[in-house]
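User: I've got a model open and I keep running into labels I'd like to understand. Can you walk me through how they get assigned?

Analyst: Sure, let's have a look at it together.

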Amino acid sequence: MTDTLASRLTDLLGPVVEAEGLFLEGIETTRAGKHSVVRVIVDLPDGPGDLDLDRIGEATAALSAALDDADPVKGRYALEVSTPGAERELRSPRHFRRAVGHSAILTTAGGEGSEPFTVTGVITQADDETVTMQADGAAAVIRLDDIASARMIVVF
């Protein structure tokens, strides 16, 4: 599978995902022996909330129909539709807005006299420039540009 196929699939399936009221996080294509796997990763567009199996099922049916009509993948393939997962990476402002109310761990890049540091806590607010986390009883406001890595975590 090539990047060209992934690009064609993104062009084909992006509008289908959007019509289902979802956001296309990405498309991955891999070979599994003689067959291919087309993995479509979807999420809710913005803000807090959870994506349920009914919505995933509806999206899967629409995506399958679009793939059947266009037939962009040679040979047999399996379609997998999923979410980014409970411990997803947080990279864009939209990712941080979707994570409000959830636990996360983030590490800053450091620089200009500041050392990198790691914060684990609950994301309480996020906008296009900053994220606010409640950690150890205090609020930490961190610029998104200063974050080297971040992901949601599941706390039991």
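Analyst: One cut-off to start with: a salt bridge is a side-chain nitrogen of Lys or Arg within 4 Å of a carboxyl oxygen of Asp or Glu. Keep in mind that this is a predicted model.

User: Okay, what makes Arg39 and Glu80 a salt bridge?

Analyst: Their side chains meet at 2.8 Å, N to O. The limit is 4 Å, so the pair counts as a salt bridge. Arg39 sits in strand β2 and Glu80 in strand β3, so this contact ties together parts that are 41 residues apart in sequence.

User: How do you know that Arg39 and Glu28 meet in a salt bridge?

Analyst: Same kind of check: the N to O distance is 3.1 Å, and the cut-off is 4 Å. Here Glu28 belongs to strand β1 and Arg39 to strand β2, so the parts tied together are 11 residues apart in sequence.

User: Are those side chains buried or exposed, and why is Arg39 called what it's called?

Analyst: Buried means under 20% relative accessible area and exposed means over 50%, with partly exposed in between. Arg39 has 24%, so it counts as partly exposed. Glu28, at 36%, is partly exposed, and Glu80, at 34%, is partly exposed too.

User: What makes Asp145 exposed?

Analyst: Its relative accessibility is 64%, and exposed starts over 50%. Its salt-bridge partner is Arg143, at 3.2 Å, N to O. Arg143 is partly exposed, with a relative accessible area of 39%.

User: How many salt bridges does a search of the whole structure find?

Analyst: Nine. There's also a network of salt bridges linking Glu25, Asp43, Arg88, Arg94 and Arg98.

User: Back to the strands. Why are β1 and β3 called edges?

Analyst: The open sheet has three strands in the order β1-β2-β3, with mixed pairing. β1 (23-32) and β3 (77-82) each have a single partner strand, so one side of each is left without a neighbour in the sheet. From one strand to the next, the twist averages 15°.

User: And how do you know that β2 and β3 pair?

Analyst: Two strands pair if DSSP finds at least two bridges between them. β2 (residues 35-43) and β3 have six, in the parallel sense, so they qualify. Within that pairing, Val37 stands opposite Ala78 in β3. Helix α2 (residues 53-70) packs on the sheet, touching β2 and β3, and its direction makes about 145° with that of β3.

Conventions. Residues numbered from 1 in each chain as written. Predicted model: local features only at pLDDT ≥ 70, side-chain atom pairs only at ≥ 80, totals over all residues. Heavy atoms only, no water. Helix = DSSP H or I, 4+ residues; strand = E, 2+ residues; numbered from the N terminus. Axes fitted to C-alpha atoms, helices over the stretch in contact; angles between N-to-C directions. Contact = heavy atoms within 4.5 Å. Buried < 20%, exposed > 50% of the residue type's maximum accessible area, 1.4 Å probe, protein only.
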